[in-house]
There are 2 protein chains.
Amino acid sequence: MHDSPLIERRSLATELVERLRGLIQEGQLRPGDKIVEPELCERFGVSRTPLREALKVLAAEGLIDLSPNRGARVARISPEAVEELFPIMGMLEALAGELCIGRMSAADLALLEALHARMVAHWRAGEWAPYGRLNRQVHEEIFRIAGNGALAALYQSLLIRTHAIRFMARKTPERWAEAVDDHERIMAALRARDASALNLIMREHLRHKADVVHEALKQLDDG
Amino acid sequence: MHDSPLIERRSLATELVERLRGLIQEGQLRPGDKIVEPELCERFGVSRTPLREALKVLAAEGLIDLSPNRGARVARISPEAVEELFPIMGMLEALAGELCIGRMSAADLALLEALHARMVAHWRAGEWAPYGRLNRQVHEEIFRIAGNGALAALYQSLLIRTHAIRFMARKTPERWAEAVDDHERIMAALRARDASALNLIMREHLRHKADVVHEALKQLDDG
DNA sequence: CCTTTGCATTTTGCATTCATTATTCAGATT
DNA sequence: AATCTGAATAATGAATGCAAAATGCAAAGG
């Protein structure tokens, strides 16, 4: 028998969840924005039923806030939420790193090294966008190697919740250098397959990320 | 002004999410059971619209599986899922323990000691149900003291996903003693405010819990 | 006897409709 | 002028209706 790929069947609600997540992620819908159902219905050409199902799912994920009879808003992230979420993300990355060390092949490590080198090159060149892309790829690769799908999914969902903040403010050069240094140390721990060192660095790295977000939030309040 | 409590206003969908979660948790709806919309609608006296919204939310939480045009089933937990979820829960408990050590007052510790002592007493008496209740309370109390709401919510959601398994099989006496011993060591680390020791014990404790679930799953396959 | 095919029934996906609750804004009141 | 009132408007919550898909089952064929 020819192994044909399964025909993918998706509900409108599922499709809408992904589209809306995308809009929030790329900043088309910004934290605090009101979500008006008829508006989005027209935009996507669907009725309110599947849209409302999608909104309920996004609310469960924490991406939007629903208040009864008053509609939905894209969730704002508070400094308190940052303080809660980043340590969690730190633990998840630490676990991913640990699993990664236990499972990675020489080829995996080589790939990470390559991604890292390219990322550093973009940093030296001051190219923000490709740096960010490579940065994300490194983290994704670590989760892939870790081989724990639930872990990756959980991390991803927390990442999106905090990501909404990030496109708003740019890192300072010092913070950027700090992040690169964190990554150097992450790579060193991976090379040495030193799980406990990696654990510490990952959590410190996320602590730094939280600091950056705090600075960004403060900047928004002031400016 | 008299500070009247806010009038709680909830949508039917929200109510249904909680009711259904309850049904799954207490085993009224068991893993693998088919969920027929009209049936539940009649049971709860609501129309399909809010019920479907609730099902979408539960699916997002991983409590049920939805396949397009084929309806919903209560999610089964596979050995692979256990292998993925328990290390994550271990990390979350480890973080909670760490935060707990940093924040707990003498009164907090005393409360934990009291709960622990009662739990051990029930173990000695072989009283399973109250032991389980106290066990849960100890863990909840640690999360409460930790003071990270997002962490507690995340842990709770993973706990429910794995809880469906537990009412099915009973711990062996050896496993039960092992769990009690873990708790003794957890209390010792809390007393000493030794974060790194607590970290290790928490993760080991969850490793043991995963083993118990694996044994339960195997038992189901065999018997 | 087992498998396959076609039809009746059930169930799901989505649109539409109706009722209830917010929001807006013109006009009245202090 | 600022605030309050309330009707008009718009948005949300939930039920109903309808078309498409899946399921179950009986009869036909191997």
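**Reading contacts in a two-chain predicted model**

Reader: Which residues is Leu190(B) in contact with, if its neighbours within four places in sequence are left aside?

Author: Leaving aside those neighbours, Leu190(B) is in contact with Cys100(B), Ile101(B), Met104(B), Leu109(B), Leu112(B), Ile142(B) and Leu198(B). Please keep in mind from the start that this is a predicted model.

Reader: Which residues touch the most other members of the largest nonpolar core?

Author: That core holds 94 residues, and the members that touch the most others are Leu190(A) and Leu190(B).

Reader: Is a charged residue read in another way, and is Glu37(A) buried or exposed?

Author: The cut-off has to come before the verdict: a residue is called buried when its relative accessible area is under 20%. Glu37(A) has a relative accessibility of 17%, and therefore it counts as buried. Glu37(A) sits in helix H2 of chain A, which covers residues 37-44.

Reader: Which side chain does that of Glu37(A) join in a polar contact?

Author: The side chain of Glu37(A) is joined to that of Arg52(A) by a polar contact of 2.9 Å. Arg52(A) also appears among the residues that Glu37(A) touches beyond four places in sequence, together with Arg48(A), Leu51(A) and Leu55(A).

Reader: How do I read the place where two chains meet, and how much area do chain A and chain B bury between them?

Author: The size of an interface is often given as the accessible area lost when the parts come together. Here chain A and chain B bury about 2400 Å² between them, and 64% of that area lies on carbon and sulfur atoms. On the side of chain A, Glu53(A), Lys56(A) and Met91(A) supply 22% of the area buried against chain B, which is more than any other three residues give. Counted by residues, the contact takes 29 from chain A and 29 from chain B.

Reader: How many salt bridges are there between chain A and chain B?

Author: Between the two chains the count is 6 salt bridges. One pair to look up is Lys56(B) with Glu53(A), whose closest N and O atoms are 3.6 Å apart. The count of residue pairs in polar contact between the chains is 10, with both residues at pLDDT 80 or more.

Reader: Which elements of chain A give two or more residues to the side that touches chain B?

Author: These are helix H3 (48-61), helix H4 (79-103), helix H7 (149-166) and helix H9 (195-222) of chain A. H4(A) gives the most to that side, with 10 residues. By class, the side of chain A that touches chain B has 15 nonpolar, 6 polar and 8 charged residues.

Reader: How many salt bridges are there over all chains?

Author: Over all chains the count comes to 39 salt bridges, and a useful step is to ask where the two partners of a pair lie in the chain. Arg144(B) and Asp108(B) meet in a salt bridge of 3.5 Å from N to O. This pair links distant parts of the chain, since Arg144(B) is in helix H6 (residues 128-146) and Asp108(B) is in helix H5 (residues 106-124) of chain B, 36 residues apart. Arg144(B) is partly exposed, at 48% relative accessible area, whereas Asp108(B) is buried, at 16%.

Reader: Where do Arg136(B) and Glu140(B) lie?

Author: Both lie in helix H6 of chain B, 4 residues apart, or about one turn of the helix, and their side chains meet in a salt bridge of 3.4 Å, N to O. Arg136(B) is partly exposed at 42%, and Glu140(B) is partly exposed at 39%.

Reader: Where do Glu178(B) and Arg175(B) lie?

Author: Glu178(B) and Arg175(B) lie in helix H8 (residues 173-192) of chain B, 3 residues apart, about one turn of the helix. Salt bridges can also share partners, and in this way Glu8(A), Arg10(A), Glu15(A), Glu18(A) and Arg19(A) are joined into one network.

Reader: Turning to the backbone, what is phi of Asn69(A) near?

Author: Phi of Asn69(A) is near 65 degrees, a positive value in a residue other than glycine. Asn69(A) is placed in the loop between strand E2 (64-67) and strand E3 (71-74) of chain A, and Asn69(A) is exposed, with a relative accessible area of 75%. Arg193(B) also has a positive phi, near 50 degrees, and is found in the loop between H8 and helix H9 (195-222) of chain B. At 39% relative accessibility, Arg193(B) counts as partly exposed.

Methods: Residues are numbered from 1 along each chain as its sequence is written. Chains are lettered from A and ligands numbered from 1 in the order in which they are written. This is a predicted model: local features need pLDDT of at least 70, side-chain atom pairs count only at pLDDT 80 or more; totals for chains, interfaces and linings use all residues. Side-chain values use heavy atoms; hydrogens and water are left out. A nonpolar core is a set of buried Ala, Val, Leu, Ile, Met, Phe, Trp, Tyr and Cys residues joined through side-chain atoms within 4.5 Å. Buried means under 20% relative accessible area, exposed over 50%, partly exposed in between (1.4 Å probe, protein chains only). Contact means heavy atoms within 4.5 Å. A polar contact is a pair of N or O atoms within 3.5 Å; within protein, one must be able to donate a hydrogen and the other to accept it, and residues adjacent in sequence count only if both atoms are side-chain atoms. Buried area is the accessible area (1.4 Å probe) that two parts lose on being put together, summed over both. A salt bridge is a side-chain nitrogen of Lys or Arg within 4 Å of a carboxyl oxygen of Asp or Glu. Ala, Val, Leu, Ile, Met, Phe, Trp, Tyr, Cys and Pro count as nonpolar, Asp, Glu, Lys and Arg as charged, and the others, Gly among them, as polar.
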